[in-house]
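Work through the exercises below with the model open. Each task is followed by a solution in steps.

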Amino acid sequence: RCVPFLELLKKRILTDGKTAPGDILKVDNFVNHLIDVEFINECGKEFYRLFGDCNVTKILTIEASGIGIACITALGFGVPVLFAKKAKSANVTGRVYSSKVHSYTHGTDSNVFVSQDYLLPTDRVLIIDDFLAKGSALEGLIDIVNQAGATLVGAGILIEKEYQGGGNIIRERGIRVESLAKIASLDENGITFCR
């Protein structure tokens, strides 16, 4: 782990992050609504440092808030980004891989999908997302990679709410999950990070 970057990320979360009822951490003023591109570029460099030797051919994320981080990260790898869509539109035709995911933030279930044309058995996939809580979105993306017969090299997460257990459940299955910041607790009194 790159300690200077980790400390920068923690400081940014403490300075600009806001807690909200329902165990929510809002970082929408620099990550997933108003995007601080220079800061996210540093996140992308850290993901490349962690996974740069994995021969990644494609980065997979889920709409919408993971797309910005995934795109910036993909620049370092020189590979395309594929994002799982939450609604099937007229411009997606043919066969798709699909999985059901629950959004902890929105409290809704969605069937997410990607076109089979864009995820191949020869792909080596890195999943990138902004948050990991209970792990439903990540589980859905892992399921899609498995349906395609592609190789999952791991998952890079900007912020993991470690106390909600999703990351550890996935790690126990032998899947590599690298979270840039891991939160031990979160309430109206503030944020505590894991060591």
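**Exercise 1. Find the bridge partner of Leu186 and describe how its strand and β10 are connected.**

Solution. The model is a predicted one.
Step 1. Leu186 is bridged to Ile191 in β10.
Step 2. Strand β9 covers residues 177-187, and its pairing with β10 is antiparallel, with 4 bridges.
Step 3. The connection between β9 and β10 is a hairpin of 2 residues.

**Exercise 2. Sort the side chains of β10 by face and by burial.**

Solution.
Step 1. In a regular strand, side chains alternate between the two faces of the sheet.
Step 2. Strand β10 spans residues 190-193 and shows this alternation.
Step 3. Ile191 and Phe193 are directed to one face and are buried. Gly190 and Thr192 are directed to the other face and are not buried.

**Exercise 3. Give the strand order of the open sheet and identify its edges.**

Solution.
Step 1. The sheet has 6 strands in the order β4-β3-β7-β8-β9-β10, and its pairing is mixed.
Step 2. Strands β4 (81-84) and β10 each pair on one side only, so these are the edges by the rule that two strands pair if at least two bridges are found between them.
Step 3. From one strand to the next, the twist averages 30°.
Step 4. The mixed character can be checked on β9. Its partner β8 (residues 151-161) runs parallel to it, with 6 bridges, whereas β10 pairs with β9 in the antiparallel sense. In the β8 pairing, Glu160 has Lys182 of β9 as its bridge partner.

**Exercise 4. Place helices α2 and α4 relative to the sheet.**

Solution.
Step 1. Helix α2 (residues 37-51) lies across β7 (124-132), β8 and β9, at about 140° to β8.
Step 2. Helix α4 (residues 136-148) packs on the sheet and touches β3 (58-62), β4, β7, β8 and β9. The direction of α4 makes about 170° with that of β7.

**Exercise 5. How many disulfides does the model hold, and why?**

Solution.
Step 1. A disulfide is a covalent bond between the sulfur atoms of two cysteines.
Step 2. The cut-off is a sulfur pair within 2.5 Å.
Step 3. For the sulfur of Cys194, the closest cysteine sulfur is that of Cys43, 18 Å away, which is too far for a bond.
Step 4. The count is 0 disulfides.
Step 5. Cys43 is buried, at 0% relative accessible area; Cys194, at 19%, is also buried because the limit is under 20%.

**Exercise 6. Classify the 2 aromatic pairs of the structure.**

Solution.
Step 1. Planes over 60 degrees apart count as edge-to-face.
Step 2. The ring centres of Phe30 and Phe39 are 5.5 Å apart and the planes are at 75°, so this pair is edge-to-face. Phe30 is buried at 0% relative accessibility, and Phe39 is buried at 6%.
Step 3. Tyr48 and Phe77 are also edge-to-face, with 4.8 Å between centres and 70° between planes. This pair links helix α2, which holds Tyr48, to helix α3, which holds Phe77, 29 residues apart. Tyr48 is partly exposed at 36% relative accessibility, while Phe77 is buried at 13%.

**Exercise 7. Which rings have the charged residues Arg12 and Arg176 over them?**

Solution.
Step 1. The charged end of Arg12 is over the ring of Phe39, 5.2 Å from the ring centre.
Step 2. Arg176 is over the face of Phe51, with 4.2 Å to the ring centre.

Note on methods:
Residues numbered from 1 in each chain as written. Predicted model: local features only at pLDDT ≥ 70, side-chain atom pairs only at ≥ 80, totals over all residues. Heavy atoms only, no water. Buried < 20%, exposed > 50% of the residue type's maximum accessible area, 1.4 Å probe, protein only. Axes fitted to C-alpha atoms, helices over the stretch in contact; angles between N-to-C directions. Contact = heavy atoms within 4.5 Å. Phe/Tyr/Trp six-rings, centres within 6.5 Å; stacked < 30°, edge-to-face > 60°. Lys NZ or Arg CZ within 6 Å of the ring centre and 35° of its normal.
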